[in-house]
Amino acid sequence: MKKRAVAVALLAAASVALTGCSASTTSSGTAAAACAPSTGKVDLTFTTWVPGMEDAVAVWNKANPDIQVKVQTGPNGNGGTYQNFFNQLKAGNAPDLGQIEYDALPNFRVQDGLTDLAACAGVLDAKKDFVDWTWGQVNFGEDNAVYAIPQDAGPMAMFYRADLFKANNIAIPTTWAEYTAAAEKIRATGGYITNFSQSDINQFAGLVWQAGGTWFKNDGTNWTVNLTDPTTAKVAAYWQDLIDRDLVSTNPPWTDEWNNAYNTGSDWTWNSAAWGANSIASGAPDTAGKWAVAESPQWAAGDKASGNWGGSSTAVFKGSKHPYEAAKFALWLNTSDEALTLLNKSANLYPAAKSGLELPALKAGVDFYGGQAIYDVFSKASSQVSPDFVWGPTMTQTYNDVSDGFKAAVTKKGTLIDALKTGQTATIAAMTAQSIPVNK
Amino acid sequence: MSASTARFTDVPGDTRTARRLAGRPGPRPAKPRVQHKRAILIFVLPFGALFSLFYLVPIGYAIYESLLVIKREGTFGAATEVFGGLSQYVLVFQNGPFWQSVGRVLAFGAVQVPIMLGLALLFALLLDSPLVRGKKFFRLAFFVPYAVPGVIAAIMWGYLYSPNLSPFSAVTQNINFLSADLVLWAIANVVTWVYVGYNMLIIYSALLAIPTELYEAARLDGAGQLRIAWSVKIPLIMPAIVLTAIFSIIGTLQLLAEPQVFRSFSSAVTSTFTPNLTVYTTSSIPNVNLAAAFSVVLALATFVLSFTFLKFTQRKEAQ
């Protein structure tokens, strides 16, 4: 037994020595490297979870025999793809291109996973082609840096069951106070005004965004974390009240139970983003034609503010041998009318490109929503999204910790604000653990 | 998945574990002198190479990673991994949710393992008894759940538990199996369902190895089937039962797939519900160094627990 233990220890020591060389230090990514075209045929890999991306890429591949893109699909970002990206980056075999939501970009940048595309042809000039706040998300406010190409945005509005509101003679709420009043009336009919999501912390962030709050600041040297500012506390208290009075359902989101609540008409509204149009249509098919979209309820009557939930970019990972070609493809994917039309059709993506907002597909009525031209509402919302919301560098962790607390809150074992306080402490601890400078 | 976490995703009763532990016999007389050393070496080499590559090297890498800390300059400054001594381990021991999750799986194991092994033993004895008909059918029927991947089993049971959509919604609307009070035991039920058949098969094959003369002798002494089971079969298959118990202890501490699936549809399953889920969550930050430290501590705890159990049962046998 003893001999064996010694042998094991020796082997373990040897393996540490062997693997030691693979854990090299990561290089700095501040200076934009030169971005020259490669010679010959180039093959690129692109990992995404957007449904129908293959179709858009097929159009590109047909027109560009020398730059062939291969699509790999995975679960949505926080559902596992980001973790794969981080692992691949560490192992040095990341794909050339990846789908990354705006809220995760700082995390990838802190991990030195993104290629600065500023030197690549046409990238800096593309700034004018995109909705201002989306460009702010990919250049981190720096003039000569571009860490990803914006793809879509998630301006928020209120999806609601037009038929049920009408049949029960309840006015469509335009303020959050009216929303509460409507919730009471709806509860009296046996339904719920909406479902409070215990794990879509980015949706909650969108509601805070609309209210004018922001969770993170970055002054160039230090981060400031503020998950519990008065604005956030106000939003948390608002939803806590609805939870306490059983005016909202609390099904775990993205489950069959959740779909069922919408499909059977038990839940009446959803404060969601443009891409949510696709989620309702696929999750609640029996309700086709009964939905409509209105602007988000406001905190004060007459306000014009919208939040944003999601929206993503196409990033080129560190280690890609063909940043020039990758950037060229990413620009085409996110600005060309044909790609944006295809992505809107398959995934209801709402383009971040200004030209995309003028697409005929975005002007037409949508049958599932009773023929309403729903993107008119999102277009208006998009122009009302504050450009000042900043994401932190460890959002996956922040979401996990706040979600653990929100789960406790919906089971009446805590409150939303408790969850945010815990999230605040945990986020600062997680940043400290990685030597990310943070004000405590 | 990084090498450091791959080792800990073994499911309970994993066959690799089985092979490794099966080769370790109990107490025995002094070894004879080893002959044919070179031949043994050649036979062991393929196993040894793969074992090192997929087992020892990842463990070594995890230990190595766990000794590093990240240093960087400025907001988006470049990160460097520097030697940090045992500082990650200090964080592990300060981490409340991790130790809560360890306590949770220990409670889980204390209840679930005896129930599962009790059922496995009962089924194995029934299959081995001359009184039961249709043995082949039952042997397969009990074993079939093990052929269902753990994730699929969890999704299926999650559906059965769901309050409104379950085919048994009359029950699930009144008893919420996904609530904080019950979800651990709902998961225990899934794990039991999957692994009873597997453990049954190990115990059953041990039963088949018992020479029939022993039964004959017992019968001549006037023992009935129950008495034979209790006084002859169970003592003789004790090593197999101990083996399944050790697999189960290891499996319990490494619970991942089932709680990971349940996390999406239960409000009670947090991102740190089990130790392995904590490791997974930590590595997704990504904080691989702390995740590696969690893994190493968990591996040591598993080793200590399994070894203590083995020693304890061996001493009992010796008495």
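Let me begin in chain B, with E258(B), which touches G150(B), A154(B), I187(B), V190(B), V191(B) and Y195(B), leaving aside residues up to four places away in sequence. Please keep in mind throughout that what we are looking at is a predicted model. E258(B) sits in helix α13 of chain B, which runs over residues 257-265. What is the nearest side chain of opposite charge to E258(B)? It is R263(B), but that side chain is 14 Å away, and E258(B), although buried, has no salt bridge.

Staying with chain B for a moment, I would like to move along to helix α14(B), which is mostly covered, with eight of its nine residues buried. Among the buried residues of α14(B) are P275(B), N276(B), L277(B) and T278(B), and the list also includes V279(B), T281(B), T282(B) and S283(B). In the loop that follows, between α14 (275-283) and α15 (288-318) of chain B, we find P286(B), and the peptide bond that joins I285(B) to P286(B) is cis, with omega at about 0 degrees. As general background, most peptide bonds are trans, and most residues other than glycine have a negative phi.

That second point brings me to chain A, where I would like to show you two residues in loops. D112(A) has a phi near 60 degrees, a positive value in a residue that is not glycine, and it lies in the loop between α4 (105-110) and α5 (132-139) of chain A. Is D112(A) buried or exposed? With a relative accessible area of 14%, D112(A) falls under the 20% limit and so counts as buried. The other residue is N348(A), again not a glycine, whose phi is positive at about 55 degrees. N348(A) belongs to the loop between α13 (337-347) and β12 (350-351) of chain A, and its relative accessible area of 13% makes it buried.

Let me now step back and describe chain A as a whole. It has 16 helices and 13 strands. Its radius of gyration is 23 Å, close to the 22 Å that the globule rule gives for 440 residues, and chain A is therefore as compact as a globular protein of that length. Taken along the principal axes, the C-alpha atoms of chain A fill a box of roughly 75 × 60 × 45 Å. Of the 440 residues in the chain, 57% count as buried, while the accessible surface comes to about 17000 Å², with 54% of it belonging to carbon and sulfur atoms. If we consider the contacts in chain A with a separation of 6 or more, 76% of them are between residues 24 or more positions apart.

Charges are my next topic. In chain A there are 31 positive and 40 negative charges, and the mean positions of the two groups are 6 Å apart. In general, side chains of opposite charge can pair when their charged atoms come close. How many salt bridges are there over all chains? The count comes to 14, and I will go through a few of them.

In one of these, the side chains of D163(A) and R161(A) meet at 2.9 Å, N to O; D163(A) is partly exposed at 26% relative accessibility, whereas R161(A) is buried at 5%. In another, E295(A) and K380(A) meet at 3.2 Å, N to O. This pair links distant parts of the chain, with E295(A) in the loop between β10 (291-294) and β11 (312-316) and K380(A) in helix α14 of chain A, 85 residues apart. Both partners are partly exposed, E295(A) with a relative accessible area of 28% and K380(A) with 41%.

Helix α14 of chain A, residues 374-383, also holds S379(A), which is partly exposed at 33% relative accessibility. S379(A) and A274(A) are 105 residues apart in sequence, yet 9.3 Å apart in space, C-alpha to C-alpha.

A further salt bridge joins the side chains of K363(A) and E358(A), at 3.9 Å, N to O. Here K363(A) is partly exposed at 44%, and E358(A), at 55%, is exposed.

I will finish where the two chains come together in this account: K90(A), E65(B) and E81(B) are linked in a network of salt bridges.

How values were computed:
Residues numbered from 1 in each chain as written. Chains lettered and ligands numbered in written order. Predicted model: local features only at pLDDT ≥ 70, side-chain atom pairs only at ≥ 80, totals over all residues. Heavy atoms only, no water. Helix = DSSP H or I, 4+ residues; strand = E, 2+ residues; numbered from the N terminus. Rg over C-alpha atoms; globule rule 2.2 N^0.38 Å. Buried < 20%, exposed > 50% of the residue type's maximum accessible area, 1.4 Å probe, protein only. Contact = heavy atoms within 4.5 Å. Areas by Shrake-Rupley, 256 points an atom, 1.4 Å probe, with all protein chains shown as cover. Lys, Arg positive; Asp, Glu negative; His and termini not counted. Charge placed at Lys NZ, Arg CZ, Asp CG, Glu CD. Salt bridge = Lys/Arg side-chain N within 4 Å of Asp/Glu carboxyl O.
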